Amino acid sequence: MHHFRVTFIAFCLLIAAQASIGQERKFGIGFIFGEPSGASAKYWTSSSTAFDFAIGWGSILGGGDSRGHFHMDYLWHSFDAISSSERFPVYYGVGGRVNTGGGSSFGARGVIGIAWMSRDTPIDIFVEFVPTLELAPSTDFVLEGGLGIRYFF
């Protein structure tokens, strides 16, 4: 866990040291904390659409077992939803996810979130809520979500 903290602090310092126009770059990578926790990536396909990916780990809801997690979503962003001198796009999308390990499952995701996209550094900080319909091994409805940060290259 010590190595993770050192890596996270180094990542934050790298972000703080950058001074360029944020989000002019198409690909970003960072961290997401919540359900799941792990690495997060985003690839912009246009000025308002993007693919979002994460790979990480989490606990099986209702139990204490750990499991692997991978998801991919297609997102639409509304930059006009919140009027501000800063950029706070509201986003929504659809996707899927696979959990492995104890309690393996597959589900369809709906995503709604908000991001702060810095004008001065190539980062975004986001929070999202993800209603998920478990499709296998049984049908169930769960709520996932997270808080994250990404640096764009």
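Ile-125 sits in strand 7. In this predicted model, Ile-125 has a relative accessibility of 32%, so the residue counts as partly exposed, a label for values between 20% and 50%. Ile-125 also belongs to a nonpolar patch on the surface, about 830 Å² in area, together with Trp-76, Tyr-92, Val-94, Ile-112, Val-127, Phe-129, Leu-143 and Leu-147. Three elements each supply two or more residues to that patch: strand 5 (90-101), strand 7 (123-136) and strand 8 (140-152). Strand 7 is the top contributor, with three residues.

Now for the rings. Searching the whole structure turns up seven aromatic pairs. One of them is Trp-76 with Tyr-92, a stacked pair with 6.0 Å between centres and 20° between planes. This pair ties together distant parts of the chain, since Trp-76 is in strand 4 and Tyr-92 is in strand 5, 16 residues apart. Then there's Tyr-151 with Phe-153: their ring centres are 4.9 Å apart and the planes meet at 80°, so this one is edge-to-face.

How do these four ring residues sit with respect to solvent? Here's the rundown:

| Residue | Relative accessible area | Class |
|---|---|---|
| Trp-76 | 34% | partly exposed |
| Tyr-92 | 45% | partly exposed |
| Tyr-151 | 5% | buried |
| Phe-153 | 53% | exposed |

So the edge-to-face pair joins a buried residue, Tyr-151, to an exposed one, Phe-153. Trp-76 and Tyr-92 also turn up in a bigger arrangement: ring pairs link them with Phe-51, Phe-53 and Tyr-74 into a cluster.

Which strand holds His-77? That would be strand 4, residues 66-78. His-77 has a relative accessible area of just 7%, and because the limit for buried is 20%, it counts as buried. The side chain of His-77 makes a polar contact of 2.8 Å with the side chain of Lys-42. Setting aside neighbours within four places in sequence, His-77 touches Lys-42, Trp-44, Ser-48, Thr-49, Ala-50, Pro-89, Val-90 and Tyr-91.

Zooming out, the protein chain has one helix and eight strands, and along the sequence these run α-β-β-β-β-β-β-β-β. Of its 153 residues, 40% count as buried. Among contacts with a separation of 6 or more, 50% come from residues 24 or more positions apart. The accessible surface of the chain is about 8000 Å², and carbon and sulfur atoms account for 68% of that.

Notes. Residues numbered from 1 in each chain as written. Predicted model: local features only at pLDDT ≥ 70, side-chain atom pairs only at ≥ 80, totals over all residues. Heavy atoms only, no water. Patch = residues over 30% accessible without salt bridge, like charges linked within 9 Å, V, L, I, M, F, W, Y side chains within 5 Å. Areas by Shrake-Rupley, 256 points an atom, 1.4 Å probe, with all protein chains shown as cover. Salt bridge = Lys/Arg side-chain N within 4 Å of Asp/Glu carboxyl O. Helix = DSSP H or I, 4+ residues; strand = E, 2+ residues; numbered from the N terminus. Buried < 20%, exposed > 50% of the residue type's maximum accessible area, 1.4 Å probe, protein only. Contact = heavy atoms within 4.5 Å. Polar contact = N/O pair within 3.5 Å; in protein donor to acceptor, adjacent residues only side chain to side chain. Phe/Tyr/Trp six-rings, centres within 6.5 Å; stacked < 30°, edge-to-face > 60°.
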